[in-house]
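Here are a few exercises to work through with the model open beside you. Try each task before you read its solution.

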Amino acid sequence: MRFDVVTLFPDMVHTCFREGVVGRAVEKGILSLACTNPRDFTHDVHRTVDDTLYGGGSGMLLKAEPLCAALESIPQHPRRCVVYLSPQGERLNQALVRELAMNDQLVLICGRYEGIDQRVIDLCVDREISLGDYVISGGELAAAVVIDAVSRLVPGVVGQVESVAEDSFFAGLLDAPHYTRPRTFRGHDVPAVLLGGNHLAIESWREEQMLKRTFERRPDLLEHATLTPEQEQVLKRLQGQT
Ligand code: SAM
């Protein structure tokens, strides 16, 4: 998978991936990450990338010419998706992450100031994606979130494939609680079932905890989750307790 980030602040993006699983995958060549700076595609002495708004209003906007020239300089892979990170886009979730991971190349455009000229969106962007209903100062952190989430689904990036499959949202539920040594911490014990070595009992405890957490914290997820008959039974019991 190749990630190309169009940004005025390449260091912000590279800094996010100096350490951790994504950084290691880049080192191993499983992923590639490149930044393209629209400022390198300006032709005036001030290397101007922004301008005031037509029609008036406060703030500056990223200009179309340097952004499009930056985009056009990026090599194109056959299955590529050009994304503009925007608070006005579709909200990022695991289903969307899975869709994005089906591409060979993601080109991520980071806005700044008031955002980018609408014509770049109209002419060059396949999808607009938002982190959530709030505004941050630039698209770089949002791009880093997309890169990290998508990378986890690329084979070889996360060492143990099962750990990705057991994560929250992968199968439509939240993850179970986890514990490590010591057995007792400040008077709180690890649940006895996890210490007994009975793998079937541990598996069914975890499944029940996943359902319980999802039921208590994110009941909306249960509307779309595919549950086994056993899970349906557990869910009915939990519903009966309320
Ligand atoms: N005026 C824009 C609006 O209200 O839609 C917000 C501009 S924001 C200050 C600057 C840039 O940060 C945006 O162009 C976008 O790239 C990024 N950004 C801000 N909030 C975001 C969010 N929730 N999700 C993804 N990107 C976001």
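**Exercise 1. A charge over a ring**

Task: find which ring arginine 98 lies over, and how far it is from the ring centre.

Solution: Start with the criterion: a charge sits over a ring if NZ of Lys or CZ of Arg is within 6 Å of the ring centre and within 35 degrees of the ring normal. Next, look at the side chain of arginine 98, which lies over the face of phenylalanine 170, at 5.2 Å from the ring centre. Two reading notes belong here. This is a predicted model, where local features need pLDDT of at least 70 and side-chain atom pairs count only at pLDDT 80 or more, while totals for chains, interfaces and linings use all residues. Residues are numbered from 1 along each chain as its sequence is written, and side-chain values use heavy atoms, with hydrogens and water left out.

**Exercise 2. The sheet**

Task: work out the strand order of the open sheet, and say which strands stand at its edges.

Solution: Helices (H or I, at least four residues) and strands (E, at least two) are DSSP runs, numbered from the N terminus; two strands pair if DSSP finds at least two bridges between them. Tracing the pairs across the five strands gives the order 2-1-6-5-7, with parallel pairing. Strand 2 (32-36) and strand 7 (127-130) are at the edges with a single partner strand each, so one side of each has no neighbour in the sheet. Now zoom in on strand 5 (residues 80-91) and strand 6 (residues 105-110), which pair in the parallel sense over six bridges. Within strand 6, isoleucine 109 is the bridge partner of tyrosine 84.

**Exercise 3. A loop residue**

Task: locate aspartate 126 and list its contacts beyond four places in sequence.

Solution: Aspartate 126 is in the loop between helix 5 (118-124) and strand 7. Taking contact as heavy atoms within 4.5 Å, and leaving aside neighbours within four places, aspartate 126 is in contact with Arg80, Cys81 and Val82. Its C-alpha atom is 8.1 Å from that of tyrosine 84, 42 residues apart along the chain.

**Exercise 4. Two helices**

Task: describe how helix 8 (residues 199-217) and helix 10 (residues 229-240) pack.

Solution: Fit the axes as lines to C-alpha atoms, over the stretch in contact, with angles running from 0 to 180 degrees between N-to-C directions. Helix 8 and helix 10 then pack at about 45°, with axes 10 Å apart. That makes helix 8 oblique to helix 10, because angles under 35 degrees count as roughly parallel, over 145 as roughly antiparallel, 65 to 115 as roughly perpendicular and the rest as oblique. Finally, check the residues that meet: Leu211 and Phe215 are among them in helix 8, and Val234 and Leu238 are among them in helix 10.
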